[in-house]
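Okay, thanks everyone, I'll keep this short. Let me put the structure up, and then we'll walk through a few pieces of it.

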Amino acid sequence: MATADWNPLGDVYYRKCDLYAMEWSGLVDLAKHTVAVSTYGGPIALMKDESKTSRVVTNVKPVVSVYNAAGRLQSQMRWNSGNVITMGWSSTEELLCIQEDGVVLVYDMFLSFKRTFSMGQEAKDVKIIDAKVFPSFQGTGIAVITTSLRIFLVSNVDSPRIVRLAEVPGMNEAPSCWSIVVTDRQARALVASGSDLFLVDQGGQYQQMQADLSESAGPITEMAVSFNSKFLALCTQQGVLWIGSSDLQKKYCEFNTKSTVRPQQLLWCGNGAVVGLWDTLILVVGPDKDWIRYKMDCSVHLVQEEDGLRIIGNDTHDFLQKVPAVTEQIFKIGSMEPGAMLFEASKEFQKRNQKADEYVRMIKDKLDIAVNQCIQAAGNEIEPAKQRMLLRAASFGKCFLTDYRPEPFVNMCQMLRVLNQVRHHSVGIPLTYTQLEHLSMPVLIDRLVLRKLFGLAVRICQYLKVPDAEGRSRILAHWACFKVQQKNEDEEKLARAISQKLLDVPGVSFSEIASQALEYGRKQLAVKLLDYEARASEQVPLLLKMGQDQAALTKAIDSGDTDLVYTVLLHLRDKQSSSGDFFMMIRTMPIACSLYIQYCKQQNLKLVEDLYYQEDNSLEEGNCKILRSYTLEHIEERARLLEDATNCFHRCKNDFAVKQTEEQVKLMRIQRRLEDDSGRSYADLSLQATLHQLILERNSAWVERLRKDFKVPDKRFWILKINALAYGEDWVELERFSRSKKPPVGIEAFVNVCMKYGNRLEAMKYLSRVAPDQKVRCLVKVGMFKEAADAAIEAKNEDDFGYVLSRLGHADRQVADQIRAMRGQLGAKR
Amino acid sequence: MDLQELIKLLKTQLAHLLVSIPDAKDLVLDSDLTKPLDRVVGIAFLKEHGVDKIFKLEPGQKSLPGCGKRIYLVRPRLVTMKYIADHINTEIAKGERRSYKIVMVPRKLHVCEMILENEGVMGHVTIDEFPLELFPLDSDLLSLELPEFFSSFYLDEDMTWLHTVSSALVNLQRLFGRAPNIYSIGKGAKMVHELMETMFENHKERRDKTYHIGQIFIVDRDVDYVSLLCTPMTYEAMLDESFGINCGMIDFDSEVTGESKGTKMLLTSSDEIYAQIRDCHFSQMFSYMKMKAKELQELENKKNNLQSVGDMKQFVANDLRVLKQQQKLLSTHISACEAIIKMKGKHDFEESIRTEHNLLECAEFKENMIFIEECIQKQVSPILTLRLLCLASLTQEGLSQREYKSIKTQFLHSHGFEHLVTMFRLKKLGLLTEQDTSQTSMRPVTSKPSALYTRKFNYRALSRKLGLVPDAEAINLQRPNHLSYVFSGAYTPLPCKLIEQILIRETLVGLEDVGRMCGGLHADLKAKHQAISAGTTIPAMKVILVFFLGGCTFSEITALRLIARLHGVRIIVATTAITTANRFIDGLIEKVNR
């Protein structure tokens, strides 16, 4: 009978189902332990409570043990720190141990120490009397109350920031009970002082609350906030149980338990009922004063869950929940709901009974609802056998539907498969479907990884077709990080094993694993692992950290990312004692070399020269010296540097450069002398410019000397001199020069230069002496188009005439027309 | 595929950076980032996101005024970091309290952080990066605006920017899908391609099946310096050479505008007139402009025969505005043309063009050299001289030893000794070399790192093989049908010709020789390659990205546009910077600042 374990509470039912037979059975007595259980099927931490056991007070430190929900021991250690007031679990399944002095020690579930933080100086100085671990909006929070009756609170244990709450007015002894209420993204403390309630917040405000309690109820001794923080239950000294909303605005009922004994635990079962624990007696009270009583065999510990309550005992682990509506609809005796009919039909069908057909006919038009109900109900069952029956019913119903979308059915099958796997006692995560929906699949996978159940996690990811980047790769990376911590395994083997598993997996960061290995002091392993890292930007910094300089440099160069190369180069430079050693190291790598030279060029030119010198690159060294010579002030200094450069060019047998540099030194010294003589500056003038200036100054002695010294050819000299004279508008000298001997550049050069400096009259003077073949062009140049045309016709030169025609644009229109008309003559004369 | 997507992305990223510092703040810009930033987001955008004052970072500034929050938007250069450190140290010494943020473009470099740390300001600044990589200058043109790429990569062998180029290409493909077919021409191009592959690999992303760019060509600048050095003959290229186009913006001085002040103009395809004439051969400009002027005249005449009030309203509302605008544009372009003609008239333009053409045809070598020597003696601008000299060396595959020495001596005598360094640089790049007497046979290009040093150019063989110097008579300048029209038929830009060949052949088979002579030709083909042939089913295969490593000229862009028109494909040009012969040579000339 499916409803055998159902108990009515008003118009709803509650049921208690077995989760596990505890593996610790016979070994552990809960009554002698402080218990902390993580929600969502998390692990159980036990600390032996000496005050509960021994008659003789001993100084032996207690033992802390962590079990999975099925009571399998995960790890154990002897506590060797201070006096623990409260233990609790964070939302990431870290064990939080809050000590008397306000220090919080954080362990993972294998009891390896992770970190610690303090709840503040005051807590340390005056000690705390109680602490609470609560789920906050940012994760998990901790609140403590000190002996000075102040409450301190952090809302996220991952980044603890201590806030002091407002003080409760008029309180001079420890509150009988208190709790944290999280509403509107803020955690407040609800403190009971006698029969008064105070809500204190982080802004320094307090609010006195009035619960609508009957007068005889007496002071409040216990309180419980529901999982969603919306409801509150209070218990008084006289055994009155008050149920209402957490803002105390609404009262649902007041139930008299008639017990003056304070309950060991008062908490909520889901959000629908309040549960009190008195030793082995569990009392469930509904908001309408209905109640159920369970009697347990031994003392138990209760854990509040989102959709129910876990009851952990010495031998068993049960789950108490409100029967979900859809389950009730199907299994309630005499239910006529479509789901119930379909379930019946399916059962009959399996018995090969024709009644099946009748049932299906009855719900024909509501068959889709029926199927959905069966699917949902299957999700609410813990026993696979029941799940199977319901799913079979759903599957049966589906056959009669033509356009039913299969996703919900398939999804449910998948989820149940995963849930049944993690509920297995070797894993021990008794999640319900509702809890999984809230927790989400990625978090569940994370939790499996936390339990080092890598294989199962990978298989689940593959089964659910989670993309590798979020699923398999990530898990394998965690696996590898865990693997490198195992000191006893051979490094070579380990590296191979890791690479084999991870090499074809995309998105795995080998550098992360390597840095983990490095953290555990396994450098060789880290080096081996880094070899598999594809991204140089990840690889290189770690290699440097490990002192693998050469490898880092090679990798950086191979990556083609110069910034990485620089990172290595500068790191090496700072590390090497002498720059020589450093340069010896990089000289075999041309890319590194030229990069470093670029860097130096901007920092220090002299250094570059040294580098080139060491590299035997005399040509570049010489060039650098030349460039640097221009930065110097003094002529002699510059000359000396240029002489150095000459030596460099000698070394690389560049005769041309040697000669040019020597000449430059010579020129510079002459320029210096000229400057001394005349007081005018010739510095930085080229040979030609120097000559030009000397001609303008009519310093013919020096002109001749320079011309000879530097072997300036005739033609060049003529062009130079003509230009200089025309520039200086020394027309007389120009003409005299033209007659000094037969100009090697031709007379037309004189015409050109006169026109260039805009003296047409002077230009005309030379026309008569122009060689016949240049005549036409020269005439055009001075603008005598008519004459040019005549001359061209005279010489019967078609090309020249064409040239004249092409230049007519500059002539006035009349002349142009005349010349165009002359074209005929050329043809006629031929 | 819309290149404006890039702008949208950059805007979001920049907005994010700017609002990360709340309230008003000042912005200090590297001078070479002002124009790109103006093109990408505009000043108004900066103001909208809380930028108060904008300063230009200049050497020698000790400190800057302004409010208590400041963002530096700079290239990650060592000197820049020193300037910034100077600012901060001075201001702290003065007791001014400020928050500083340094945003490096396109990415932050560790070396820069080291400098800041050495200068002791690391504690006062936060550092971020703004990935301004490729951004559109026009609907078919992307640029990194990194002119320093050329000298840093080819001259100093510094690979820093190579990483930027690769990452730019990777990010472009993240946005527009990973191109299946990639060709690389030249050694540097191959390095970019390899680096690109590594970057994709490292991020192990699922290869998106959809893509908008079918093929990518990566072209190394040192494949062809000749087309870089040729005198441009089409309008856009000439504008760039004469006035300088910076980030698609041009500054006309008062001489062009004929007014008291100059004018700024945005040159993109959104300017209808410009879109028509930008690729015209210069000799064809005036006929087009005449036609356009007539057209506008007719439009204007329309206003005389307006019949009804409705017509008039229509005219004023639509035509008049367009008319006024176009008239203004047209007149600016006409004056620009005039200014160009005037400039060309000043020098011995014709003769230098003739020399250039002779050099390209390998004809009348002696006369060419005489002309160049004269240029040196007459002290014509060293840029023009070196341009011709490099062309001579490239086309002759090196000068004879005697000529080489004599001409260098003359150059030094004429323009100064510091050009000894200039000459070394030209030699290192292989632009100005002497003939190898010991080994007359063609030397295969080695793949050793030193290949950069000994890079030999095979102008003659390549020119013959690919027909780079066509029969000038056959070139139609009015309706261009041959790529060489961009240089009046004197030369076909090698990269463009090679790309055209590959597109037509759809294979590299038969181009092995050419590939060897270009310094390496590689293909990585993942899709069946059909750009031109009739059976193409995927439109993305007809979208081709051509990336020039080390800059390209507008002449080359124009030639690529012609390819696109002739073969019915879409070509997007991307480059590290747009350059001209003059800017290119100018960057190599040693300028001694005393």
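So, strands β24 and β25 of chain A: they run antiparallel, with five bridges joining them. That's residues 273–278 for β24 and 281–285 for β25. If you want one pair to look for, find A:L277, which sits opposite A:I282 in β25(A). Keep in mind that this is a predicted model.

Now zoom out a bit. What is the order of the strands in this open sheet? Going across, you read β23-β24-β25-β26 of chain A, four strands with antiparallel pairing. On the edges you have β23, residues 265–269, and β26, residues 291–295, and each of those pairs on one side only. From one strand to the next, the twist averages 20°.

Okay, on to a helix. Have a look at α10 of chain A, residues 441–450, where A:L444, A:I445, A:R447 and A:L448 are buried, and yes, there's an arginine in that list. Why do they end up on the same side of α10(A)? Because the arc they cover around the axis is only 155°. And what do these buried residues of α10(A) pack against? Three helices of chain A: α8 at 407–423, α9 at 433–439 and α11 at 454–463. Then, just after α10(A), check the backbone at A:K452, which takes a positive phi of about 60°.

Last thing, the overall layout. Chain A is divided into domain 1, 324–404, and domain 2, 780–830. Between the C-alpha centres of those two domains of chain A there are 113 Å.

Conventions: Residues numbered from 1 in each chain as written. Chains lettered and ligands numbered in written order. Predicted model: local features only at pLDDT ≥ 70, side-chain atom pairs only at ≥ 80, totals over all residues. Domains from an automatic or database assignment. Buried ≥ 20, exposed ≤ 12 C-beta atoms within 10 Å, placed from the backbone. Helix = DSSP H or I, 4+ residues; strand = E, 2+ residues; numbered from the N terminus. Arc of directions from axis to C-beta. Contact = placed C-beta atoms within 7 Å. Pairing = 2+ DSSP bridges. Axes fitted to C-alpha atoms, helices over the stretch in contact; angles between N-to-C directions.
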